[in-house]
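This report describes the pairing of strands and of charged side chains in a single structure. Please look over the sequence and the coordinates before reading on.

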Amino acid sequence: MVTDRYIPEARAIAHLWQDLAEKLVEKGHEVAVLTKMPTDYLAAGEDQTREQEIPNSEIMNGVRIYRMRGIVGSRKSAASRAIDQIYLGAKLIRGAADLFQCDLVVVASPPLPWAAAVSFRCSLQKIPCVLNLHDI
């Protein structure tokens with residue numbers, strides 16, 4: 001799974017992807033999530049210093065989670081968010097090849113640059129890709 005929001009972010013989409021990943025694990029599937037290192041929308045009372053405590057990779061409830069560091073948080077200007085999404089999309093194409101050793105990739109979009117990058121990567125490796133497009 002590739003999504004820009006995953007636990008510990010306190011956003012509905014993060015919980016949705018967590019629930020889906022954990023249910024797939026319960027059904028006997030191996031699941032990995034590639035996501036952005038959270039910098040915003042952490043639980044109440046937590047601040048951005050919490051980011052330093054969040055590991056780059058971990059296994060949580062049977063789900064392997066890999067987090068990429070971006071350039072900026074999502075609460076910045078639209079232009080800086082766009083640059084961050086393009087930057088992370090390029091990281092997905094260039095540096096995540098070993099994470100794309102799988103039977104299927106499910107990508108959440110927006111962000112659109114991520115969907116394009118994952119689709120491109122999957123087409124190169126002939127891996128089926130499911131796009132979950134929402135909130136346009």
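A salt bridge is taken here as a side-chain nitrogen of Lys or Arg lying within 4 Å of a carboxyl oxygen of Asp or Glu. The model in which such pairs were sought is a predicted one, and by this criterion the structure holds five salt bridges. Side chains of opposite charge can pair when their charged atoms come close.

**The sheet**

The strands that frame several of these pairs belong to an open sheet of three strands, arranged in the order 1-3-2 and with mixed pairing. Its edges are formed by strand 1 (31-36) and strand 2 (57-60), each of which pairs on one side only. Averaged over the sheet, and with direction ignored, neighbouring strands are turned by 25° against each other.

The two pairings in the sheet can be described in turn. Strand 1 and strand 3 are joined in the parallel sense over six bridges, and within this pairing alanine 32 stands opposite arginine 64 in strand 3. Strand 2 and strand 3 (residues 63-68), by contrast, run antiparallel and are joined by four bridges. Here serine 57 is placed opposite tyrosine 66 in strand 3, while glutamate 58 faces isoleucine 65 in strand 3. Strand 2 and strand 3 also form a hairpin with two residues between them, and asparagine 61, which lies in the turn, has a positive phi of about 55°.

Helix 1 (residues 12-26) lies across strand 1, strand 2 and strand 3, and runs at about 160° to strand 1.

**Salt bridges**

Three of the salt-bridge pairs are listed below with their N to O distances.

| Basic residue | Acidic residue | Distance, N to O |
|---|---|---|
| arginine 5 | aspartate 4 | 3.9 Å |
| lysine 36 | aspartate 84 | 2.4 Å |
| arginine 67 | glutamate 58 | 2.8 Å |

Which parts of the chain does the salt bridge between aspartate 84 and lysine 36 tie together? Aspartate 84 lies in helix 2 (residues 78-95) and lysine 36 in strand 1, so the pair links parts that are 48 residues apart in sequence. Both aspartate 84 and lysine 36 are buried.

The salt bridge between arginine 67 and glutamate 58 involves a glutamate that also takes part in the strand pairing described above, where glutamate 58 stands opposite isoleucine 65. Arginine 67 has a relative accessible area of 6% and is therefore buried, whereas glutamate 58, at a relative accessible area of 25%, is partly exposed.

Arginine 5 and aspartate 4, whose side chains meet in a salt bridge, are both buried. These residues belong to a wider arrangement, since Asp4, Arg5 and Glu9 are linked in a network of salt bridges.

**A loop residue**

Beyond the sheet and the charged pairs, glutamine 101 is found in the loop between helix 2 and strand 4 (105-109). Is glutamine 101 buried or exposed? Its relative accessibility is 61%, and because exposed means over 50% relative accessible area, glutamine 101 counts as exposed. Glutamine 101 and isoleucine 127 are separated by 26 residues in sequence, and their C-alpha atoms are 8.6 Å apart in space.

Note on methods:
Residues numbered from 1 in each chain as written. Predicted model: local features only at pLDDT ≥ 70, side-chain atom pairs only at ≥ 80, totals over all residues. Heavy atoms only, no water. Pairing = 2+ DSSP bridges. Axes fitted to C-alpha atoms, helices over the stretch in contact; angles between N-to-C directions. Contact = heavy atoms within 4.5 Å. Buried < 20%, exposed > 50% of the residue type's maximum accessible area, 1.4 Å probe, protein only.
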